[in-house]
Amino acid sequence: MMLARALEPETLDHLAPDDPVAQRSRRDLRRVNAFMGARRVLARALARAVVVDADADADADAAAPLRILELGCGDGRLMLDVARHRGDRWPGAQIDLLDRLPIVDAATLAAYETAGWRARPLVADVVEWAADAVGKPRWDVVVANLFLHHFEGDALRGILAACARRADALVACEPRRSRFALAASHLIFFLGANAVTRRDGVLSVRAGFIDGELGAAWREAAAATWQLDEYDDGLFTHCLVARRRTRP
């Protein structure tokens, strides 16, 4: 029997950036991401989304670095891991790191430069960003990792619609809502996670996605000119890759 999707506020979302508990929880999340293989999952999904057009001019492609927007980037270090380990697939990529809190530090931005990517932090609430998404800058791909599960209904559809208007692809890697993942979420204290991370981990799984739920939300929010690929990657992650069939 499938678990019903349930959203509850997560504690980390309401802590100040400089709160020591929040800082500890963000370190916990890096360990959780490593355990889940998040960097590899995200890199595989990004490779599905960014497909070189065989008919495109090769010189033009080489001169145009990939433009990426990450929603809910947190400290920005997960995509930095992608840049470090798989960044040569997309040399010179330009990534905008959007979060409602100014958490991305100068050392992280410098590390992107060392990895061959250029990074820029953007401080904004994603719902406000989505509502103001007409006639604004565009990206080749929007990335959301463990982020869309915070939303449902009109808010989720609004964010997806904004992604469809402002990008040619979406990569979403979210908690897989299953009884196994829920049981595992109760065990992350073995990774040294604090009380906030342990509570939020359980809530994240309960708010996660399965089967065609993300694809259905995307179809409600966007036009029919998209190729969708929704799948599970491993035991803990549910992914949606949406790619525009024809560019505007």
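1. In this predicted model, helix α7 (residues 153-166) packs against helix α10 (residues 213-221) with the two axes 8 Å apart and at an angle of about 70°. Angles of 65 to 115 degrees count as roughly perpendicular, and α7 and α10 are therefore roughly perpendicular to each other. Their crossing is right-handed.

2. The residues that make this contact come from both helices. From α7 they are Leu 156, Arg 157, Leu 160, Ala 161, Cys 163 and Ala 164. From α10 they are Ala 217, Trp 218, Glu 220 and Ala 221. Sorted by class, the contact of α7 with α10 holds eight nonpolar residues, two charged ones and no polar ones.

3. A second pair to look at is helix α2 (residues 38-49) with α4. Their axes lie 9 Å apart, and the packing angle is about 70°. α2 and α4 are therefore roughly perpendicular to each other. On the α2 side, the contact is made by Ala 38, Arg 39, Leu 42, Ala 43 and Leu 46. On the α4 side, Leu 78, Met 79, Asp 81, Val 82, His 85 and Arg 86 take part. The classes here are seven nonpolar, one polar and three charged.

4. Helix α4 (residues 77-86) also packs with α5: the axes of these helices come within 9 Å and cross at roughly 15°. Because angles under 35 degrees count as roughly parallel, α4 is roughly parallel to α5. The crossing of α4 with α5 is left-handed.

5. Which residues of α4 meet α5? They are Arg 77, Met 79, Leu 80, Ala 83 and Arg 84, and their partners in α5 are Thr 108, Ala 111, Tyr 112 and Ala 115. The residues of this contact divide into six nonpolar, one polar and two charged. Met 79 appears in the contact of α4 with α5, and Met 79 is also listed in the contact of α2 with α4.

6. Helix α5 (residues 106-115) links the helix packing to the strands. α5 lies across β2 (94-99) and β3, and runs at about 150° to β3.

7. The strands form an open sheet. What is the order of its seven strands? The order is β3-β2-β1-β4-β5-β7-β6, and the pairing is mixed. β3 (118-123) and β6 (226-233) are the edge strands, each pairing on one side only. On average, and with direction ignored, neighbouring strands of the sheet are turned by 15° against each other.

8. In general, strands of a sheet pair through backbone hydrogen bonds, either parallel or antiparallel. One pair inside this sheet shows the parallel case: strand β4 (residues 141-145) and strand β5 (residues 169-175) run parallel and are joined by four bridges. Within this pair, Val 142 stands opposite Leu 170 in β5.

9. Finally, the chain as a whole. It has ten helices and seven strands. Its C-alpha trace spans about 50 × 40 × 35 Å along the principal axes. How does the chain compare with a compact globule, and what is its radius of gyration? For 248 residues, a compact globule would have a radius of gyration near 18 Å; the chain has 17 Å, so the value agrees.

Note on methods
Residues numbered from 1 in each chain as written. Predicted model: local features only at pLDDT ≥ 70, side-chain atom pairs only at ≥ 80, totals over all residues. Heavy atoms only, no water. Pairing = 2+ DSSP bridges. Helix = DSSP H or I, 4+ residues; strand = E, 2+ residues; numbered from the N terminus. Axes fitted to C-alpha atoms, helices over the stretch in contact; angles between N-to-C directions. Contact = heavy atoms within 4.5 Å. Parallel < 35°, antiparallel > 145°, perpendicular 65-115°, else oblique. Left-handed = near helix turned anticlockwise from the far one by under 90°. Nonpolar A, V, L, I, M, F, W, Y, C, P; charged D, E, K, R; others polar. Rg over C-alpha atoms; globule rule 2.2 N^0.38 Å.
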